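Visitor: I am new to this structure and would like to learn how to read it feature by feature. Could you take me through it slowly?

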Amino acid sequence: MSSSGDSSEAVIATERHGAWRVDPIVGGQSANVDSLSCTALGDCSAVGSYNVNSVESSFVVSETDGIWKPAMEVRGLPTSTYSNPYAISCIAPGDCVAAGEVASMGSAQTQSFMMVQSNGSWKPPILIATGGIDAIGDVSDLGVQVVSCSTIGYCALGGTTGAG
């Protein structure tokens with residue numbers, strides 16, 4: 001999370017037939033694309049974050065047939081100091097899984113979330129409960145940073161955790 005007043009624009013550069021084109025995705029303070037996944041020429045999805053009034057928010061954006069749709073803010077996460085989707089994996093155009101972390105205001109602890117895009121529509125984010133992985137120890141401060149899927153429903157998430 002950046003607290004500076006720096007202004008930057010999240011962009012995606014695409015190469016077609018040897019020529020590069022840069023598409024602006026999100027403008028604002030400290031906007032950036034964190035991860036990108038393409039399944040076919042002109043069919044990609046990306047995740048990233050941007051900072052407004054010292055609150056870092058997440059966005060998702062998709063390209064269909066070579067045209068980037070407007071970025072959408074990720075809604076449905078707890079009120080946060082920051083949320084950041086670090087990774088995305090797509091198995092077909094419009095079918096992706098994204099994962100990241102969110103930190104609630106007033107808490108230094110993070111919680112992971114994932115989102116599913118099905119047939120081009122993003123579903124609300126799902127918080128990943130740390131209770132589901134208690135078998136490996138008393139887990140706290142879970143931070144998912146990578147995701148890979150072979151098909152929807154068959155994914156692996158990776159990241160870091162603070163163990164109590």
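**Reading the model step by step**

Guide: Let us begin with a single residue, asparagine 119, which has a relative accessible area of 70% and is therefore exposed, since exposed means over 50%. Please keep in mind throughout that this is a predicted model.

Visitor: Where is asparagine 119 found, and which residues does it touch beyond those up to four places away in sequence?

Guide: Asparagine 119 sits in the loop between strand 10 and strand 11, the latter covering residues 121-122. Not counting residues up to four places away in sequence, asparagine 119 touches Gly94 and Asp95. Asparagine 119 is also 23 residues from cysteine 96 in sequence, while the C-alpha atoms of these two residues are 9.1 Å apart in space.

Visitor: How should I read a disulfide, and how many does a search of the whole structure find?

Guide: The general idea is that a disulfide is a covalent bond between the sulfur atoms of two cysteines. In this structure the search finds three disulfides. If the bonded cysteines of the protein are numbered in sequence order, the pairing reads 1-2, 3-4, 5-6.

Visitor: What is the geometry of the link between cysteine 90 and cysteine 96?

Guide: The disulfide that joins cysteine 90 to cysteine 96 has an S to S distance of 2.0 Å, and its link is right-handed, with 100° about the S-S bond. Cysteine 90 counts as buried because its relative accessibility is 12%, and cysteine 96 is buried as well, with a relative accessible area of 1%.

Visitor: Are cysteine 38 and cysteine 155 buried or partly exposed?

Guide: Cysteine 38 counts as partly exposed because its relative accessibility is 45%, whereas cysteine 44, with which cysteine 38 forms a disulfide, is buried, with a relative accessible area of 9%. The sulfur atoms of cysteine 38 and cysteine 44 are 2.0 Å apart, and this link is right-handed, with 105° about the S-S bond. Cysteine 155 also counts as partly exposed, at 35% relative accessibility, and cysteine 149 counts as buried, at 12%. Cysteine 149 and cysteine 155 form a disulfide with their sulfur atoms 2.1 Å apart, and the link is right-handed, with 105° about the S-S bond.

Visitor: What should I look for in a nonpolar core, and which residues make up the largest one here?

Guide: In soluble globular proteins, nonpolar side chains tend to be buried together. Here the largest nonpolar core has 12 residues in all, namely Val47, Val60, Val74, Leu77, Ile88, Cys90, Cys96, Ala98, Val102, Phe113, Met115 and Trp122. At least two residues of this core come from each of strand 8 (80-92), strand 9 (95-104) and strand 10 (110-118), and strand 9 gives the most, with three residues. Apart from this core lies another, of 11 residues, among them Ile12, Ala31, Ala46 and Phe59.

Visitor: Which residues is methionine 115 in contact with, leaving aside its neighbours within four places in sequence?

Guide: With those neighbours left aside, methionine 115 is in contact with Val60, Val74, Cys96, Val97, Ala98, Trp122, Lys123 and Pro125.

Visitor: How many aromatic pairs does the structure hold?

Guide: The structure holds one aromatic pair. Tyrosine 50 and phenylalanine 59 form this pair, which is tilted, with 6.4 Å from centre to centre and 40° between the planes. Tyrosine 50 counts as buried because its relative accessibility is 15%, and phenylalanine 59 counts as buried because its relative accessibility is 1%.

Visitor: In what sense do strand 1 and strand 2 pair?

Guide: Strand 1 (residues 10-16) and strand 2 (residues 19-26) pair in the antiparallel sense, over seven bridges. Alanine 13, for instance, has valine 22 in strand 2 as its bridge partner. The two strands form a hairpin with two residues between them, and in the turn histidine 17 has a positive phi of about 55°.

Visitor: Where does the pLDDT fall below 50 or stay under 50?

Guide: The protein averages a pLDDT of 81, and 80% of the residues score at least 70. Over residues 1-5, however, the pLDDT is below 50, and this stretch has 12 contacts in the model beyond near neighbours in sequence. The pLDDT also stays under 50 over residues 131-139, for which the model has nine contacts beyond four places in sequence. Where pLDDT is low, the predicted coordinates should not be read in detail.

Technical notes: Residues numbered from 1 in each chain as written. Heavy atoms only, no water. Phe/Tyr/Trp six-rings, centres within 6.5 Å; stacked < 30°, edge-to-face > 60°. Buried < 20%, exposed > 50% of the residue type's maximum accessible area, 1.4 Å probe, protein only. Disulfide = S-S within 2.5 Å. Core = buried A, V, L, I, M, F, W, Y, C linked by side-chain atoms within 4.5 Å. Contact = heavy atoms within 4.5 Å. pLDDT = per-residue confidence, 0-100. Pairing = 2+ DSSP bridges.
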